[in-house]
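Trainee: I have a structure open, and I would like to learn how to read its features one by one. Could you walk me through it?

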Amino acid sequence: MLKIFKPCDFHVHLREGSLSQFVLKENNKHFQKILVMPNLENPLTNAELLLKYRNKILKMNKSSEVLFTIYLNNNCSMRDLNYMRKNNLFFAAKLYPLNATTNSGSGVSDIKKMAKYFSFLEGHNIPLCIHGEHVHENDDPYEREKKFLDLELSWIIKNFKSLKITLEHITTKDSVSFVKSNKNISATITTHHLLENTHTFLGGNLRPELFCKPIIKSSIHQEALQKVALSGSSKFFFGSDSAPHLKSRKYAPACCAGVYSTKYSISNIIELFWINKKTSNLNKFLTLNGCKHYGLKYDNKSYKYKRIKNFKFQKYSKFQNDHLINYNYFKNFWTEV
Ligand code: DOR
Ligand code: ZN
C-alpha cells in the first residue's frame with residue numbers, strides 16, 4: 001500500500017466524437033489534471049475550432065481539471081490568439097514540426113517564421129509545448145530528436161530567453177542533458193519511453209502497439225530517462241502522450257504512430273518507482289514538478305494505492321466495432337483503493 005497525490009497527465013490526446021467520451025472517462029479515473037493536445041483531424045488553430053472542442057469536452061468531463069492547447073502555426077491570427085488569451089480559452093500553445101506525427105500536416109516547416117508568435121507567448125507568460133523532432137527528407141528517424149535540439153531548439157532558447165518551454169515526450173539522453181543545462185525548459189516523459197527500448201520494440205517480432213513518435217530508442221537512452229525520472233529531478237515530469245488509435249489501424253500495413261497507455265500508465269509508473277525503491281519521488285514526477293513548471297495549484301489530498309500481484313490485464317478495450325490496445329508493461333497492478 002502507498003499514498004500519493006492524484007496524478008496529473010500533462011500530455012494526452014482525447015481525440016474527437018464518441019472516442020473522446022470514452023478516453024476522457026478513463027482519464028477522469030486516474031488524473032486530477034490533464035493537458036489536452038490539439039492535433040485533431042482538423043487541428044485547433046483558431047478560436048472557433050477551439051471553442052467548439054472545448055465546450056464538447058468540458059460538457060463530458062466529470063472530475064479532472066482540463067487544460068487546453070492551441071495548435072500553433074504560421075497561419076494563426078494574432079487577433080485570434082489575443083482573443084483566446086483574454087478569454088482564458090487555452091493554457092499552452094503546441095508546436096508540431098510539419099509531418100512529424102499524427103495530424104501534423106498543418107505543422108511548422110520553418111521555426112524562424114514563428115518569431116512573432118514566440119514573442120507573444122513569451123510576453124504573456126504562456127507555455128510553449130514542443131514536439132521536438134527535426135523532420136527532413138531522407139533523415140534517420142532515430143536522429144530526429146537530437147537534430148531538433150541542435151538545429152531548432154537551441155535557436156528558440158537563444159532568442160526567447162524568458163519563454164517557458166516544455167519539450168514533450170523526450171526519448172534521448174541528449175534531451176535529458178539539454179533540459180538540465182538550460183533555463184525555462186522542462187520535459188515530459190511517457191510511460192512507454194521509460195519502459196521500452198529498441199530491443200523490446202523490434203528486437204524480436206515487431207510490436208506495432210509500441211510504434212510511436214518519437215520512435216522508441218535504445219536502452220542507453222531508456223536508462224537516462226529512467227534515471228532522471230526516478231531521481232525526482234524538478235525539470236522532468238509525467239506526460240503520457242497516450243494516443244488512442246483503433247486496433248485495425250495499428251495492426252495494419254500502414255501502422256499509425258501512438259501508444260494508448262491511459263488505463264495502466266499510473267500502475268506502470270508506480271511499479272517502476274516501487275521496484276527501484278523510489279516511491280518517495282512519485283509525487284514529484286506525477287504531480288509536483290509539472291504543477292511547479294506550469295505555476296498550477298494542485299489537490300494535495302492523498303490517495304491510497306494497493307498492489308495486486310499477477311493481475312490479469314485487459315489487453316484490448318472494446319470500442320464500437322473495433323478495439324483500443326491498452327499499453328501495459330509489468331505483471332503487477334497498482335490500483336486506487
Ligand atoms: O506517437 C504519437 N502519436 N506521437 C505523437 O506525437 C502524436 C500521437 C498521436 O496523436 O497519435
Ligand atoms: Zn502527443
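Mentor: We will go through empty spaces, salt bridges, the surface and the backbone in turn. Keep in mind that this is a predicted model.

Trainee: Let us begin with empty space. How many cavities of 30 Å³ or more does a search of the whole structure find?

Mentor: The general idea first: rolling a probe the size of a water molecule over the atoms shows where empty space is left. Here the search finds 3 cavities of 30 Å³ or more. The largest cavity has a volume of about 120 Å³. It is lined by 17 residues, and those closest to its centre are His13, Thr101, Lys213, Asp241 and Ala243.

Trainee: How do the residues lining the largest cavity divide into nonpolar, polar and charged?

Mentor: That lining has 4 nonpolar, 9 polar and 4 charged residues. Now take the second largest cavity, with a volume of about 60 Å³. Its lining is made up of Glu209, Ala243, His245, Lys250, Gly258, Val259, Tyr260, Ile325 and Tyr327. By class, these are 5 nonpolar, 2 polar and 2 charged residues.

Trainee: And what is the volume of the largest pocket?

Mentor: The largest pocket has a volume of about 430 Å³. Of its 19 lining residues, Arg15, Leu19, Glu41, Pro244 and His245 are the closest to the centre. The classes in this lining are 8 nonpolar, 7 polar and 4 charged. Notice that His245 appears in the lining of this pocket and also in that of the second largest cavity.

Trainee: Next, salt bridges. How many does a search of the whole structure find?

Mentor: Side chains of opposite charge can pair when their charged atoms come close. In this model the search finds 10 salt bridges. One of them joins glutamate 336 to lysine 6, with the closest N and O atoms 3.0 Å apart. Glutamate 336 is in strand 13 (residues 333-336) and lysine 6 in the loop between strand 1 (2-5) and strand 2, so this pair ties together parts that are 330 residues apart in sequence.

Trainee: Is lysine 6 buried or exposed?

Mentor: Lysine 6 is buried, because its relative accessible area is 12%, under the 20% cut-off. Its partner, glutamate 336, counts as partly exposed at 32% relative accessibility.

Trainee: Which residues are linked in a network of salt bridges?

Mentor: The network links Glu196, Arg207, Glu209 and Lys315. Within it, glutamate 196 pairs with arginine 207, the closest N and O atoms being 3.7 Å apart. Glutamate 196 sits in the loop between helix 7 (191-195) and helix 8, and arginine 207 in the loop between helix 8 and helix 9, so the pair ties together parts 11 residues apart in sequence. Glutamate 196 is buried at 2% relative accessibility, whereas arginine 207 is partly exposed at 28%.

Trainee: Where does glutamate 209 lie, and where is lysine 315?

Mentor: Those two also form a salt bridge, with the closest N and O atoms 3.7 Å apart. Glutamate 209 is in the loop between helix 8 and helix 9, and lysine 315 is in the loop between strand 10 (302-308) and strand 11 (316-319), so many steps along the chain that they count as distant parts, 106 residues apart. Glutamate 209 is buried, with a relative accessible area of 14%, while lysine 315 is partly exposed at 40%.Trainee: What should I look for on the surface?

Mentor: Look for nonpolar side chains that sit together. Tyr142, Leu202 and Leu206 form a nonpolar patch, with about 270 Å² of accessible area together. Leucine 206 is in the loop between helix 8 (198-202) and helix 9 (219-230), and its 56% relative accessibility makes it exposed. For contrast, phenylalanine 148 in helix 5 (residues 144-159) is buried at 1% relative accessibility.

Trainee: Last, the backbone. Which peptide bond is cis?

Mentor: The bond from lysine 213 to proline 214 is cis, with omega near -5°. Proline 214 belongs to the loop between helix 8 and helix 9. Check phi as well: in arginine 15 it is near 65°, a positive value in a residue other than glycine. Arginine 15 lies in the loop between strand 2 (8-12) and helix 1 (17-30) and is buried at 12% relative accessibility. Asparagine 125 also has a positive phi, near 55°, and is found in the loop between helix 4 (115-123) and strand 6 (128-130).

Notes: Residues numbered from 1 in each chain as written. Chains lettered and ligands numbered in written order. Predicted model: local features only at pLDDT ≥ 70, side-chain atom pairs only at ≥ 80, totals over all residues. Heavy atoms only, no water. 1 Å grid on protein atoms, 1.4 Å probe; cavity = no way out; pocket = protein on both sides within 12 Å on 5 of 7 lines; lining within 4 Å. Points joined across faces, edges and corners; volume = space filled by probe spheres on them. Nonpolar A, V, L, I, M, F, W, Y, C, P; charged D, E, K, R; others polar. Patch = residues over 30% accessible without salt bridge, like charges linked within 9 Å, V, L, I, M, F, W, Y side chains within 5 Å. Areas by Shrake-Rupley, 256 points an atom, 1.4 Å probe, with all protein chains shown as cover. Salt bridge = Lys/Arg side-chain N within 4 Å of Asp/Glu carboxyl O. Helix = DSSP H or I, 4+ residues; strand = E, 2+ residues; numbered from the N terminus. Buried < 20%, exposed > 50% of the residue type's maximum accessible area, 1.4 Å probe, protein only.
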